[in-house]
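Here's a quick briefing to read alongside the model. Grab your viewer and follow along.

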Amino acid sequence: MKKVIAIMKVIDTINAKIAKLASYCVILLILALCYEVFARYVFGAPTTWSFDATYFLCSIAMVLTLAYTWQLGGHVSVDMILVKLPVKAQALLNIIFLLTLFFLTWLMIVWVMTTHVIESWKILERATIGFMPPIYPYKTWILIGTIMLVLQGVNVFIKELYRLINGKELQLS
């Protein structure tokens with residue numbers, strides 16, 4: 001069990017570091033938007049790169065922080081019925097939902113995305129509008145964020161399995 005907990009800690013640490021790094025993109029996003037507004041309304045010269053840059057920066061900030069948000073319990077959850085059940089019943093239902101909905105869906109998404117990312121890198125795919133930036137890095141960080149979300153799902157699954165077996169929360173510290 002110690003090795004499993006060590007791996008879970010590594011996943012949590014990686015998710016935290018990726019989220020912190022991605023959070024700096026919000027600062028860049030604000031600067032890019034401010035520059036675009038200034039250039040458009042003060043100089044009357046809108047940029048050709050602003051739309052793509054803000055789109056990319058916003059996607060980085062969103063997708064690379066999904067797993068960390070789940071780690072902190074920050075996603076919206078409606079547990080009106082679940083909280084009234086015993087701990088082991090809650091864990092069992094969470095496990096069933098993770099296996100049937102979460103893993104089934106997200107593993108298929110990762111499977112399909114991986115082939116698209118590989119193909120995008122092979123052809124060095126570019127956007128067809130704006131200043132035509134490369135989009136293979138964009139597809140790559142979306143895939144990385146999705147993989148990290150699945151790994152966080154593994155952590156949650158292990159915690160719920162522990163809760164089902166032992167009737168109490170698994171402490172990683």
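What follows is a short tour by topic.

Keep in mind that this is a predicted model. The largest pocket comes in at about 850 Å³, and helix 4 supplies the largest share of its lining, with seven residues. Helix 4 also carries a kink of about 40°. As for disulfides, the structure has zero.

**The largest pocket**

- If you're after a volume, the largest pocket is about 850 Å³.
- A total of 25 residues line this pocket, and the closest to its centre are Trp70, Ser77, Asn94, Val156 and Glu160.
- Three elements each give two or more residues to the lining: helix 3 (66-71), helix 4 (87-123) and helix 5 (136-166).
- Helix 4 makes the largest contribution here, at seven residues.
- Sorted by class, the lining holds twelve nonpolar, eight polar and five charged residues.

**Helix 4**

- Helix 4 is 37 residues long and runs 51 Å from its first C-alpha to its last, close to the 54 Å expected at 1.5 Å a residue.
- Where is the kink in helix 4 centred? Look at Leu98, where the angle is about 40°.
- Leu98 is also one of the buried residues of helix 4.
- The rest of that buried set is Gln90, Ala91, Asn94, Ile95, Phe102, Phe103, Val110, Met113, Val117 and Ser120.
- Asn94 turns up twice: it is among the buried residues of helix 4, and it is among the residues closest to the centre of the largest pocket.

**Helix 2**

- Helix 2 (residues 50-63) has 14 residues, and its end-to-end C-alpha reach of 20 Å is close to the 20 Å expected at 1.5 Å a residue.
- Ten of those 14 residues are buried, so helix 2 is largely enclosed by the rest of the structure.
- The buried ones are Ser50, Asp52, Ala53, Thr54, Phe56, Leu57, Ser59, Ile60, Ala61 and Val63.

**Helix 5 and its end**

- Helix 5 has 31 residues, which should span 45 Å at 1.5 Å a residue, and its end C-alpha atoms are indeed 45 Å apart.
- Just past helix 5, Gly167 adopts a positive phi of about 75°.
- Lys139 sits in helix 5 and is partly exposed, with a relative accessible area of 24%.
- Lys139 and Phe56 are 83 residues apart in sequence, but their C-alpha atoms are 9.9 Å apart in space.
- Phe56, the other half of that pair, is among the buried residues of helix 2.

**Backbone oddities in the loop between helix 4 and helix 5**

- As background, most residues other than glycine have a negative phi.
- Leu124 has a positive phi, near 50°, and is not a glycine.
- Leu124 belongs to the loop between helix 4 and helix 5, and at 47% relative accessibility it counts as partly exposed.
- Met132 is not a glycine either, and has a positive phi of about 55°.
- Met132 is found in the loop between helix 4 and helix 5, and it is partly exposed at 42% relative accessibility.

**Cysteines**

- Why is Cys25 in no disulfide? Its sulfur is 10 Å from the closest cysteine sulfur, in Cys58, which is too far for a bond, given that a disulfide needs the two sulfur atoms within 2.5 Å.
- Seen from the other side, Cys58 is in no disulfide, with the sulfur of Cys25 as its nearest cysteine sulfur at 10 Å.
- Buried or partly exposed? Cys25 is buried at 11% relative accessibility, while Cys58 is partly exposed with a relative accessible area of 43%.

**Distances along helix 1**

- Val37 lies in helix 1 (residues 2-41) and is partly exposed, with a relative accessible area of 48%.
- Ala16 is in helix 1 too, and is partly exposed at 26%.
- Val37 and Ile27 are ten residues apart along the chain, with 15 Å between their C-alpha atoms.
- For Ala16 and Val37, the sequence separation is 21 residues and the C-alpha to C-alpha distance is 32 Å.

Note on methods: Residues are numbered from 1 along each chain as its sequence is written. This is a predicted model: local features need pLDDT of at least 70, side-chain atom pairs count only at pLDDT 80 or more; totals for chains, interfaces and linings use all residues. Side-chain values use heavy atoms; hydrogens and water are left out. On a 1 Å grid over the protein atoms alone, a cavity is a set of points where a 1.4 Å probe fits but cannot get out, and a pocket is an open set with protein on both sides within 12 Å along at least five of seven lines; lining residues have an atom within 4 Å of a point. Grid points are joined across faces, edges and corners, and a volume is the space filled by probe spheres set on the points. Helices (H or I, at least four residues) and strands (E, at least two) are DSSP runs, numbered from the N terminus. Ala, Val, Leu, Ile, Met, Phe, Trp, Tyr, Cys and Pro count as nonpolar, Asp, Glu, Lys and Arg as charged, and the others, Gly among them, as polar. Buried means under 20% relative accessible area, exposed over 50%, partly exposed in between (1.4 Å probe, protein chains only). The expected span of a helix is 1.5 Å times one less than its number of residues. The bend at a residue is the angle between axes fitted to the seven residues ending there and the seven starting there.
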